[in-house]
Amino acid sequence: MRNNRPLLVHPAAVFLLLTLLTAFLSWVGSVYGWEGVQSLLSPEGIRWRLRTVQEDFCSAPCMGPVLLLCLGVGVCLHSGWWPMVSALVRGRRQPTRKERRALKVSAAVGMAYAVSLLFLAFGPWSGMRNISGTLAHSPLHEGWAFLLSFGGGCMAVVYAYVADYYNSGRDIVRGMAYGFVRCSTCLVTLFFVTLFFSSLRYTGLLTCWGVGEEGWQVGYAVAVLWALCAPSDAKDYRRE
């Protein structure tokens, strides 16, 4: 059968090409003496790239939150909780009696979890706030990805057990792993995003062109958001 879908360049390929272009421009800049530019294709640049590629990817600011969110998102998808909620919002499906009861119980769990977080944030116990008593850089602020992933995962697990979709802890583990299946394309794209922006910073091209650190951070944030929206090659939501 002939495929009539338009051919689109994947974001991962875009950032790979941008990295290669950065390497080429850094070589040109070093040849012509652009101020502050160092070649990525020089022996020193190649050594730097080989030594830092793993550290740059693993310690990227976005990697920790993305990996933590994958755990909760995986359970939400694998358990059937999010597909059910989405179908209800769109009016495409009516839940069975058991699924309706499971949704009510999971909603109650979610409300209790939200109330507990509000109590920790604004209640009399200040252990979850910073020294000045605000939420900026507090444990709740720093751990937002885990808290969000944990809360969504708990709601989904409760839904799956009440609806008899999950029967053991092994099902929960499969659900947590399922997030990495759904987000595998995103993780690959994030690797090339990190490769490009770290190479761009090393070469000094942005400084040469008058782009400061703030511009680098804005560009990086936009690229990460694009990577998160990268199309997934995984099949539709399915429980094993």
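Mentor: Helices here are DSSP runs of H or I with at least four residues, numbered from the N terminus, and they are read from a predicted model.

Trainee: In which helix is the place of Thr203, and is Thr203 buried or exposed?

Mentor: Thr203 has its place in helix α9, which covers residues 184-203. Buried means under 20% relative accessible area, and because Thr203 has 0% relative accessibility, Thr203 in α9 counts as buried.

Trainee: Leaving aside neighbours within four places in sequence, which residues is Thr203 in contact with?

Mentor: Contact means heavy atoms within 4.5 Å. With neighbours within four places in sequence left aside, the residues in contact with Thr203 are Thr22, Ser26, Gly36, Val37, Gln38 and Leu40.

Trainee: How does Leu21 of helix α1 count, buried, partly exposed or exposed?

Mentor: Leu21 is found in α1, residues 11-31, and belongs to a nonpolar surface patch that also includes Phe24, Trp27 and Trp209, with about 940 Å² of accessible area for the whole patch together. Since partly exposed lies between the 20% and 50% limits, Leu21, at 43% relative accessibility, counts as partly exposed.

Trainee: How far apart are the end C-alpha atoms of helix α11?

Mentor: At 1.5 Å a residue, the 16 residues of α11 (residues 213-228) should span 22 Å. The separation in the model agrees with that expectation, the end C-alpha atoms being 23 Å apart.

Trainee: Which elements do the buried residues of α11 pack against?

Mentor: The buried residues are Trp216, Tyr220, Ala223, Val224 and Ala227. They cover an arc of only 100 degrees around the axis, which puts them on the same side of α11, whereas Glu214, Val222 and Leu225 are exposed on the other side. The buried residues of α11 pack against α1, α9 and α10.

Terms used. Residues are numbered from 1 along each chain as its sequence is written. This is a predicted model: local features need pLDDT of at least 70, side-chain atom pairs count only at pLDDT 80 or more; totals for chains, interfaces and linings use all residues. Side-chain values use heavy atoms; hydrogens and water are left out. Patches are made of residues with over 30% relative accessible area and no salt bridge: like charges are joined within 9 Å, nonpolar side chains (Val, Leu, Ile, Met, Phe, Trp, Tyr) within 5 Å. Accessible areas come from the Shrake-Rupley method with a 1.4 Å probe; for residues, only the protein chains shown count as cover. A salt bridge is a side-chain nitrogen of Lys or Arg within 4 Å of a carboxyl oxygen of Asp or Glu. Helices (H or I, at least four residues) and strands (E, at least two) are DSSP runs, numbered from the N terminus. Buried means under 20% relative accessible area, exposed over 50%, partly exposed in between (1.4 Å probe, protein chains only). The expected span of a helix is 1.5 Å times one less than its number of residues. The arc is that of the directions from the helix axis to the C-beta atoms.
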